Amino acid sequence: MAKSDPSWSDVDDYIVEHLIGNDPALDACLAANAREHLPAIDVSTTQGRMLELLARGVGAKRILEIGTLGGYSAISLARALPEDGHLVSLELEPEYAALARSNIEKAGLAPKVEIIVGEAVKSLAALEAGDASRFDFVFVDADKENYAAYLEHAIRLSRPGAMLVFDNVVREGEVINADSSDPKVPGTRALYGALQDHPLVDATAIQTVGSKKWDGFLLGIVRDN
């Protein structure tokens, strides 16, 4: 089975043209990321808008993002926040974080966004140890090896009813292959395993095709606990 099709990107372009339109801030973010040679692994335009709408849909005032990269998804998510909203984004690489701060500032969203640099597991533990309010929405798009660990931190840091979103959970179908040569598959499968019959999260996953090829998102809602 073909794992890519040019028409997928064509349909993405059609959706952008009819439902989203030009976005100078996001275009500038991608251009800056390309100039600094960041990996081109940002969410697509349609996916970024989807994240914004999901966050708006749950009325998010506090958002946690794991994996900032150059700030593309952070810009999309921050747009969902009210004036007094706050986004905390975790990034391992200082150079990526610095560029993301610049991109977010140019998008006019710096007052709403805090980027914390360091290993995400350690940053999450520090957040748990603090007295910050719980999050309404969590987006995870980082190292797949730690996805199951990120899940448990996200649950403890979230309010009941919060939405959890994990990216890249289909991996061109390799997620069903226990012997996959893709090194990111075991961590992705561990996330599914952790969520199977989980007492605190109702979850599903959906496959996607488009400019980012064949992949998918996992979505969960934190139950009352």
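How many bridges join β6 to β7, and which way do the two strands run? There are 10 of them, and the strands run antiparallel. One pairing to look at on screen is isoleucine 206, which stands opposite phenylalanine 217 in β7. Before I go on, keep in mind that this is a predicted model.

Okay, zooming out to the whole sheet. It's an open sheet of 7 strands, and the order is β3-β2-β1-β4-β5-β7-β6, with mixed pairing. At the edges you've got β3, residues 113–117, and β6; each has a single partner strand, so one side of each is left without a neighbour in the sheet. Going from one strand to the next, the twist averages 15 degrees.

Now, what lies across that sheet? Helix α3, residues 45–57, lies across β1, β4, β5, β6 and β7. Against β4, residues 135–140, helix α3 runs at about 160 degrees.

On to the nonpolar side of things. As a general point, in soluble globular proteins nonpolar side chains tend to be buried together. Here, the largest nonpolar core has 29 residues, and the ones with the most contacts inside it are Leu64, Ile66, Tyr150, Leu164 and Phe166. Several elements chip in: β1, β2, α6, β4, α7, β5, α8 and β7 each supply at least two residues. The largest share comes from α7, with 6 residues.

Let's click on leucine 164 for a second. Leaving out anything up to four places away in sequence, leucine 164 touches Val138, Leu151, Ala154, Ile155, Ser158, Val201, Leu218, Leu219, Gly220 and Val222. Apart from that largest core there's another one, of 26 residues, and among them are Tyr72, Val113, Phe137 and Phe217. You've met Phe217 already, as the residue opposite isoleucine 206.

Next up, charges. Side chains of opposite charge can pair when their charged atoms come close. In this model the count comes to 9 salt bridges. Let me walk through a few.

Arginine 79 pairs with aspartate 23, with the closest N and O atoms 2.5 Å apart. Arginine 79 sits in the loop between α4 and β2, and aspartate 23 in the loop between α1 and α2, so this pair ties together parts that are 56 residues apart in sequence. Is each partner buried or exposed? Aspartate 23 counts as buried, at 14% relative accessibility, while arginine 79 is partly exposed, at 30%.

Then there's glutamate 128 with arginine 156, at 2.8 Å, N to O. That one links helix α6 to helix α7, 28 residues apart. Both ends are partly exposed: glutamate 128 at 29% and arginine 156 at 43%.

Over by the sheet edge, aspartate 202 and arginine 223 come to 2.6 Å at their closest N and O atoms. Aspartate 202 is in strand β6 and arginine 223 is in the segment after β7, so parts 21 residues apart in sequence get tied together. Aspartate 202 is partly exposed at 43%, and so is arginine 223 at 33%.

There's also a network of salt bridges, linking Arg49, Glu52 and Arg56.

Last stop is a polar residue, asparagine 33, in helix α2. Why does asparagine 33 count as buried? Because its relative accessibility is 3%, and the cut-off for buried is under 20%. Again skipping residues up to four places away in sequence, asparagine 33 touches Leu38, Asp42, Gly70, Leu99 and Asn103. That's my tour, thanks.

Methods:
Residues numbered from 1 in each chain as written. Predicted model: local features only at pLDDT ≥ 70, side-chain atom pairs only at ≥ 80, totals over all residues. Heavy atoms only, no water. Helix = DSSP H or I, 4+ residues; strand = E, 2+ residues; numbered from the N terminus. Buried < 20%, exposed > 50% of the residue type's maximum accessible area, 1.4 Å probe, protein only. Contact = heavy atoms within 4.5 Å. Salt bridge = Lys/Arg side-chain N within 4 Å of Asp/Glu carboxyl O. Pairing = 2+ DSSP bridges. Axes fitted to C-alpha atoms, helices over the stretch in contact; angles between N-to-C directions. Core = buried A, V, L, I, M, F, W, Y, C linked by side-chain atoms within 4.5 Å.
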